[in-house]
Amino acid sequence: MGANASNYPHSCSPRVGGNPQAQQTFIGTSSYSQQGYGCESKLYSLDHGHEKPQDKKKRTSGLATLKKKFIKRRKSNRSADHAKQMRELLSGWDVRDVNALVEEYEGTSALKELSLQASLARPEARTLQKDMADLYEYKYCTDVDLIFQETCFPVHRAILAARCPFFKTLLSSSPEYGAEIIMDISTAGIDMPMFSALLHYLYTGEFGMEDSRFQNVDILVQLSEEFGTPNSLDVDMRGLFDYMCYYDVVLSFSSDSELVEAFGGNQNCLDEELKAHKAIISARSPFFRNLLQRRIRTGEEITDRTLRTPTRIILDESIIPKKYAKVILHCMYTDVVDLSGLHCSPSVGSLSEVQALVAGKPNMTRAEEAMELYHIALFLEFNMLAQVLLPQSKSLKYFVNLK
């Protein structure tokens, strides 16, 4: 039962221009395309008159001329005469002002080239996802063990609780450090490699193994029903930073270098503390990772675990000003550098700011703050923060020197 296209008329509006008696109404085609049925396509029309060749040629040439005019007008609108505009702008300027503008343009061009070359030369900074993958692989500062099919999986309580509702409920029933929790998963077909891949996904947001079973929609639906569907990694890590659930380390600041070296002293001389997670700061910064491992070797970590108190890290205010600490922590959790909080109220200023005010020094500019924070990132070996700050700090300093 084939239907001919001529049975389904497609009307078109009458053609404008030319002889009014020669207007046509198209009805349709009498056959399908040549590829489908090997028939030649033919067009039927109802002619209301005969069109002279001269009129047809005149109408075609007129439309072509009109089209050229539209194209010319469109091109003229797109391509502005920049030289003319610059001449009109600079017509009333002094020669020295024009030279300063030229130097500024040349400096901007040089900065662009320097930034491009620096980006090509420096190694790629490790992202949050890569550092979280290493955290799961090398097991820095784990605090709970999951037992699945007689295999132990050391993990981090705060990360799993932030990423998965199932683990949030499960881990809340065993709050002690180093708890061993036997996993009982009702979803069928989950073996040890697949369970490890699921944990890897919670840490990184991507599966660490190519398993065809993950392409099975039924298994994914069952896993989502049992474990819950996590948000994206950046959303959950931002929530972990905002609420600091299960934090196990506090950062304090002091101007007493001997107090910093001793990691102790009178608490009254310490400024406000900042909460954090050992797993995150050790994964993002080799400086903090070596510091925490040294505390484990000296036995200080055992004392903290016995007393069930967070580990205290006292930082020298003259090396790492407190006003930058929250910016650094925020970047460790989110890979985002937010400098908007540096100019808050004086009550939250660091000791270095107070000393600068007493000495009569002016407030630091945004470029100077970026440069100082860049050097702190190098000290902490936090390459992501350093590479984000390098273009703006270097370029601003270079631009100032040019002027």
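This report describes a predicted model of one protein, from its overall make-up to selected residues.

## Overall make-up

The predicted model covers a protein of 403 residues, of which 33% count as buried, and its secondary structure comprises 18 helices and eight strands. The accessible surface of the protein amounts to about 25,700 Å², with carbon and sulfur atoms supplying 54% of that area. Among the contacts with a separation of 6 or more, 66% are accounted for by residues that stand 24 or more positions apart in the sequence.

## A parallel strand pair

Strand β6, which spans residues 249–254, is joined to β8 by six bridges, and these two strands run parallel. Within this pairing, S254 stands opposite D316 in β8.

Strand β8 itself takes in residues 311–316 and is mostly covered, since five of its six residues are buried. As general background, side chains in a regular strand alternate between the two faces of the sheet.

## R284 and its surroundings

Helix α12 is formed by residues 278–284, and R284 belongs to this helix. R284 has a relative accessible area of 4%, and because the limit for a buried residue is under 20%, R284 is classed as buried.

Two polar approaches can be described for the side chain of this arginine. The side chains of R284 and D335 are joined by a polar contact of 2.8 Å, while a polar atom of the R284 side chain also lies 3.5 Å from the backbone oxygen of R126. When residues up to four places away in sequence are left aside, the residues that R284 touches include R126, T127, L128 and D131, as well as C331, M332 and D335, and further E381, F382 and M384.

## An exposed serine in a loop

S173 is found in the loop that runs between α7 (165–172) and β5 (179–182). Its relative accessibility is 54%, and S173 therefore counts as exposed, the threshold for that class being over 50%. The side chain of S173 nevertheless has a polar partner within the protein, for it reaches the backbone oxygen of L170 at 2.6 Å.

## A nonpolar surface patch

A nonpolar patch on the surface is formed by M86, L89, W93 and Y105, which together have about 410 Å² of accessible area. One of these residues, W93, lies in the loop between α3 (82–90) and α4 (95–121). With a relative accessible area of 37%, W93 is partly exposed.

## Two residues with positive phi

Most residues other than glycine have a negative phi, and against that background two loop residues of the model deserve a separate note. C141, although it is not a glycine, has a positive phi of about 55 degrees; C141 lies in the loop between α5 (128–138) and β3 (144–148), and at 24% relative accessibility C141 counts as partly exposed.

Q149 is likewise not a glycine and has a positive phi of about 50 degrees. The loop that holds Q149 connects β3 and β4 (151–155), and Q149 counts as partly exposed because its relative accessibility is 47%.

Terms used: Residues numbered from 1 in each chain as written. Predicted model: local features only at pLDDT ≥ 70, side-chain atom pairs only at ≥ 80, totals over all residues. Heavy atoms only, no water. Helix = DSSP H or I, 4+ residues; strand = E, 2+ residues; numbered from the N terminus. Buried < 20%, exposed > 50% of the residue type's maximum accessible area, 1.4 Å probe, protein only. Polar contact = N/O pair within 3.5 Å; in protein donor to acceptor, adjacent residues only side chain to side chain. Contact = heavy atoms within 4.5 Å. Patch = residues over 30% accessible without salt bridge, like charges linked within 9 Å, V, L, I, M, F, W, Y side chains within 5 Å. Areas by Shrake-Rupley, 256 points an atom, 1.4 Å probe, with all protein chains shown as cover. Salt bridge = Lys/Arg side-chain N within 4 Å of Asp/Glu carboxyl O. Pairing = 2+ DSSP bridges.
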